[in-house]
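Thanks for making the time this morning. I would like to walk you through one model, starting with how its parts are divided and then moving on to one helix, the core and the contact between the chains.

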Amino acid sequence: MNFKYKAILSIATLFAMAFTQPGVTLKIKGSDTVLPLSQKEAESFMKKNPTSKITVIGGGSGVGIAAFLDGTTDIAMSSRKMKMSEKMKLQDAGKAFKEVTIAYDALSVIVNPNNKVSQLTREQLEGIFTGKITNWKEVGGNDEKIVAYSRESSSGTYEFFKEHVLSNKNYGTSILMMPATGAIVQSVSQTKGAIGYIGFAYMEKTVKALKVSYDKGKTYVEPTVANSKNKSYPIVRPLYYYYLIKDAAKVKPFLDYVLSGEGQKVVSDVGYINLN
Amino acid sequence: MKKTLKKWLEKTIEGILFLSSTITTLTVILIVVFLFKEGKSLFQSTPIEEGFVLAVNKANAAGNLSANQIKNIFDQNIINWKELGGNDEPIFLFRMDDLSNYYTDEELGENFEFVPQRTNEFIDKTPGIIAFFPSKNIDSNFSGKILPIEKTTLKQFLSEKEWFPTAQPVAQLGVLSLILGTLWVSFGAILIALPLGLATAIYMAEIATKRVRNILKPLIELLAGIPSVVYGFFGLIVIVPQIQSLFGLPVGETALAGSIILGIMALPTIVTISEDALRTTPNAMKEASLALGANKWQTIHRVVIPYAGSGITAAAILGIGRAIGETMAVLMVTGNAAIIPHTFLEPVRTIPATIAAELGEAPQGGMHFKALFALGCILFIMTIVVNLTVEFISSRRKNKISH
């Protein structure tokens with residue numbers, strides 16, 4: 001009897017939630033880098049607005065934008081700018097869209113703490129990761145073989161690093177591919193000649209972050225949140241949300257929340273760099 | 001009445017048994033057909049990204065380019081057309097997205113309607129250009145030269161050494177290093193696991209008391225129950241640094257680390273099967289040997305092991321089979337660099353690790369996706385060869401016993 005009563009009550013509540021107060025129902029899909037952030041944002045948004053329902057799905061920036069093109073997601077989250085070819089596809093389909101930057105993500109280049117090298121130029125990094133520089137003494141370190149760790153090719157971070165640091169060249173064949181960022185940190189911390197790259201959020205005391213120069217060695221910038229915000233640290237990428245202009249009203253409450261002070265606090269909690 | 005009911009029941013059970021075996025067979029056939037169908041379709045596609053073309057200036061004299069040459073051009077390892085038999089002209093790389101660096105938004109048109117025209121214009125006025133752009137942007141009066149890209153062939157797939165399935169504009173699909181990596185790690189695993197496993201099996205079958213055996217056997221079988229991720233984690237944290245410091249290597253993620261982990265994982269198979277084989281030696285034979293004055297070790301060495309020889313071989317081969325297909329543990333400890341291994345102290349990349357790491361992000365139906373299925377076919381062929389060998393050896397054993 002008691003159970004029946006409860007069941008009826010909960011069904012009634014469900015109906016009430018579904019019909020009397022239509023909250024926001026959103027689908028967000030795309031980049032695995034943005035995924036943890038969007039999940040946290042959606043969670044705290046739904047806590048404040050219990051009637052709304054936000055589904056967040058990963059799969060990669062490309063997947064998100066493809067779903068956006070098909071109209072199967074309301075927001076595409078992306079860790080890269082929409083490519084020209086994708087823009088043209090949207091253009092062909094007659095869909096006008098808007099791009100919003102919701103946070104920044106920065107990569108630090110890390111080495112073993114015992115390595116005496118503490119700074120590198122972009123050109124040197126390119127040489128190391130394309131396999132042309134193989135010994136630390138070529139970049140001012142000890143006579144030690146360089147062991148470069150990268151993420152797997154499926155990762156958005158892999159593509160970002162390739163585009164921004166290797167100027168679109170392919171990684172060398174001898175680069176070690178790790179299945180997760182955590183594994184890179186572990187390996188770099190226990191390998192003397194190691195070098196790798198990780199998101200700021202994964203930084204640990206067991207590894208050392210390098211200063212990086214993008215002006216051929218004139219200035220080296222330390223990878224800190226402050227330097228990323230004032231744009232002096234170069235390996236930073238914006239994280240984007242894309243939505244269709246015709247959906248603007250539907251998306252607005254959630255977007256406003258993400259861009260609000262509260263939403264931006266979530267950004268730094270998750271380990272990314274907030275906008276302000 | 002009772003009889004007919006019984007008959008009917010029997011028929012039903014028969015029917016259910018028949019149905020289950022049919023379903024099982026169909027499932028196996030379905031999976032194999034699916035695997036090979038997807039894998040085969042790789043050889044009907046070109047390695048260039050779908051919907052894109054590569055074009056050069058009409059005056060360019062260079063001939064057909066191989067996938068590898070194209071990669072080297074875009075990696076700026078080849079920087080002049082004369083290296084490829086063309087004119088003495090530096091190579092100028094051009095990608096679709098670069099167009100906005102040379103033309104303003106107005107020149108490209110509000111709806112990008114002038115893009116084909118501008119692309120054509122730009123290719124026409126840049127003699128050293130190699131342009132990579134969507135095929136739908138080919139202008140109606142396109143004046144450049146579109147490079148023909150050959151389809152991937154089976155020979156290329158098996159013999160090329162570079163594995164860059166996501167390289168732009170043209171993917172490098174050479175699986176030789178992956179095949180060799182898989183075999184190398186499995187071979188190492190069996191070198192480690194076979195002596196250890198065989199020794200354990202002999203001890204358990206011939207020397208150990210019943211009580212010791214009852215403790216040892218479930219313990220070894222427990223090894224088979226540990227999830228492979230746990231093995232991988234253990235390998236990364238414990239074995240990798242040990243190998244690194246022991247051999248003074250720059251990097252500990254090596255084929256050896258993979259072999260050790262796989263060796264441990266193959267142990268239960270080898271121990272259980274070879275112990276069973278050893279225990280099938282008839283007591284009469286052992287007693288005869290002892291009666292002739294041979295001691296215990298001589299009996300094991302000369303009578304028991306030869307008798308169980310084919311069983312031990314089968315155990316070893318099944319152990320290899322286990323090692324070849326193992327994914328997760330290897331993915332974590334071998335470093336996954338796609339290079340052809342020369343020693344055990346180098347990183348390797350295996351086929352299962354490649355499939356596991358890359359399938360998630362490969363666009364469905366794309367060339368990368370098909371290439372991973374083709375890799376699956378290769379792995380399937382490798383394991384079927386292993387299984388057939390076991391089949392062959394155990395049938396030989398049956399013959400030997402019956403004679």
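Before I count anything, a word on the criterion: two residues are in contact if their C-beta atoms, placed from the backbone, lie within 7 Å. Please also keep in mind that what you see is a predicted model.

With that criterion, nine residues of domain 1 of chain A are in contact with five residues of domain 2 of chain A, and the domain 1 side of that contact is made up of two nonpolar, five polar and two charged residues. The domain assignment places 3–104 together with 239–270 in domain 1 of chain A, and 108–229 in domain 2; the centres of these two domains, taken over C-alpha atoms, are 33 Å apart. In chain B, the division is into domain 1, covering 52–152, and domain 2, covering 176–402, and there the C-alpha centres lie 51 Å apart.

Let me turn to helix H2 of chain A, residues 35–48. How far apart should its ends be? At 1.5 Å a residue, its 14 residues should span 20 Å, and the end C-alpha atoms are indeed 20 Å apart, so expectation and model agree. Buried in this helix are A:Leu35, A:Leu37, A:Ser38, A:Glu41, A:Ala42 and A:Phe45, and because they cover an arc of only 155 degrees around the axis, they sit on the same side of H2(A). A:Glu43 and A:Lys47, by contrast, are exposed on the other side of H2(A). The cover over the buried residues includes strands S1 (25–30), S2 (53–57), S3 (75–78) and S4 (97–111) of chain A, as well as helices H9 (248–259) and H10 (261–270) of chain A.

Now the core. The largest nonpolar core has 164 residues, and those that touch the most other members are A:Ile75, A:Ala148, A:Leu176, B:Ile261, B:Leu262, B:Ile270 and B:Val333. Helix H10 of chain B, residues 255–279, gives the most to this core, with 15 residues. Setting aside neighbours within four places in sequence, B:Val333 has contacts that include B:Ile239, B:Val240, B:Ala257 and B:Ile261.

Finally, the two chains: 28 residues of chain A are in contact with 33 residues of chain B. On the chain A side, the elements that give two or more residues are helix H4 (84–92), strand S7 (176–178) and helix H7 (181–190), and by class that side holds eight nonpolar, 15 polar and five charged residues.

Note on methods:
Residues numbered from 1 in each chain as written. Chains lettered and ligands numbered in written order. Predicted model: local features only at pLDDT ≥ 70, side-chain atom pairs only at ≥ 80, totals over all residues. Domains from an automatic or database assignment. Nonpolar A, V, L, I, M, F, W, Y, C, P; charged D, E, K, R; others polar. Helix = DSSP H or I, 4+ residues; strand = E, 2+ residues; numbered from the N terminus. Expected span 1.5 Å × (residues − 1). Buried ≥ 20, exposed ≤ 12 C-beta atoms within 10 Å, placed from the backbone. Arc of directions from axis to C-beta. Core = buried A, V, L, I, M, F, W, Y, C linked by C-beta atoms within 7 Å.
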